[in-house]
Amino acid sequence: MRLVVDLNRCQGYAQCAFLAPDVFAMHGDESLLYNPEAAEEQRENVARAVAACPVGAILVEATDEDRVPRTAGAGAGSGGAR
């Protein structure tokens with residue numbers, strides 16, 4: 001997953017740094033540092049951070065890996081006997 005933060009919109013509330021500290025960090029009082037290529041295992045924490053941002057400054061962009069169909073369990077439970 002790829003993250004984009006509108007640093008002009010960010011007001012330094014630090015909710016993202018609190019909810020996903022492995023991805024976001026405050027540098028000083030108002031400067032946000034973040035990893036734009038967050039690890040997949042951080043997806044849930046990042047989703048919480050995105051939802052908690054009071055100014056909507058965080059955007060999650062899908063990457064090619066996100067678009068790859070997952071085959072494990074594909075079709076399970078569909079089209080079965082009725």
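This is a short walk through one protein chain, from its overall layout down to a few individual residues.

Okay, hi everyone. Before anything else, keep in mind that what you have on screen is a predicted model. Let's begin with the overall layout. The chain has 82 residues, and it contains three helices and four strands. If you start at the N terminus and read along, the order of the elements is β-α-β-β-α-β-α.

How much of the chain is buried? Buried residues account for 22% of the 82. As for the outside, the accessible surface is about 5900 Å², and carbon and sulfur atoms hold 49% of that. One more overall number, on contacts: take the ones between residues at least 6 apart in sequence, and 63% of those join residues at least 24 apart.

Now let's go inside. The largest nonpolar core is made of 15 residues. Which of them have the most contacts inside the core? Those are L3, V23, F24 and V46. The elements that each contribute two or more residues to this core are strand 1, helix 1, which covers 15-19, and helix 2.

Let's stay with L3 for a moment. Setting aside its neighbours within four places in sequence, L3 is in contact with V23, F24, Y34, N35, P36, A38, V46, L59 and V60. You'll recognise V23, F24 and V46 in that list, since they were named with L3 a moment ago as core residues with the most contacts.

Next, the hairpin. Find strand 2, residues 24-27, and follow the chain into strand 3; these two run antiparallel and are joined by four bridges. To get your bearings, look at A25, which stands opposite L33. Then look at H27, whose bridge partner in strand 3 is S31. Three residues sit between the two strands, and in this hairpin G28 takes a positive phi near 80°. And a general reminder while we're looking at strands: in a regular strand, side chains alternate between the two faces of the sheet.

After strand 3 we come to the loop that leads to helix 2, and that's where Q42 sits. Is Q42 buried or exposed? It's buried, with a relative accessible area of 13%. What does Q42 touch, not counting residues up to four places away in sequence? The answer is M1, D22 and V23.

On to charges. The structure has three salt bridges. I'll take them one by one.

The first on my list pairs E37 with R2, and the closest N and O atoms are 3.1 Å apart. E37 is in the loop between strand 3 (31-34) and helix 2 (43-52), while R2 is in strand 1 (residues 2-5), so this pair ties together parts that are 35 residues apart in sequence. Both partners are partly exposed: E37 has 45% relative accessibility, and R2 has 34%.

Then there's E40 with R43, where the closest N and O atoms are 2.8 Å apart. Again we have partly exposed residues, with 39% for E40 and 31% for R43.

Last, E44 and R48 meet through their side chains at 2.5 Å, N to O. Both of these residues lie in helix 2, four residues apart, which is about one turn of the helix. Here E44 counts as exposed, at 52% relative accessible area, but R48 is partly exposed, at 42%.

Finally, the cysteines. How many disulfides does the structure hold? Zero. Why no bond for C10? Its closest cysteine sulfur is the one in C16, and at 6.2 Å that is too far for a bond. Turn it around and you land on the matching answer: for C16, the closest cysteine sulfur is in C10, also 6.2 Å away. C16, by the way, is buried, with 9% relative accessibility.

So, if you take a few things away, here they are. There's a 15-residue nonpolar core with L3 among its best-connected members. There's an antiparallel pairing of strand 2 and strand 3. And there are three salt bridges, including the one between E37 and R2, alongside zero disulfides. Thanks, that's it from me.

How values were computed
Residues are numbered from 1 along each chain as its sequence is written. This is a predicted model: local features need pLDDT of at least 70, side-chain atom pairs count only at pLDDT 80 or more; totals for chains, interfaces and linings use all residues. Side-chain values use heavy atoms; hydrogens and water are left out. Buried means under 20% relative accessible area, exposed over 50%, partly exposed in between (1.4 Å probe, protein chains only). Contact means heavy atoms within 4.5 Å. Accessible areas come from the Shrake-Rupley method with a 1.4 Å probe; for residues, only the protein chains shown count as cover. A salt bridge is a side-chain nitrogen of Lys or Arg within 4 Å of a carboxyl oxygen of Asp or Glu. A disulfide is a pair of cysteine sulfur atoms within 2.5 Å. A nonpolar core is a set of buried Ala, Val, Leu, Ile, Met, Phe, Trp, Tyr and Cys residues joined through side-chain atoms within 4.5 Å. Two strands pair if DSSP finds at least two bridges between them.
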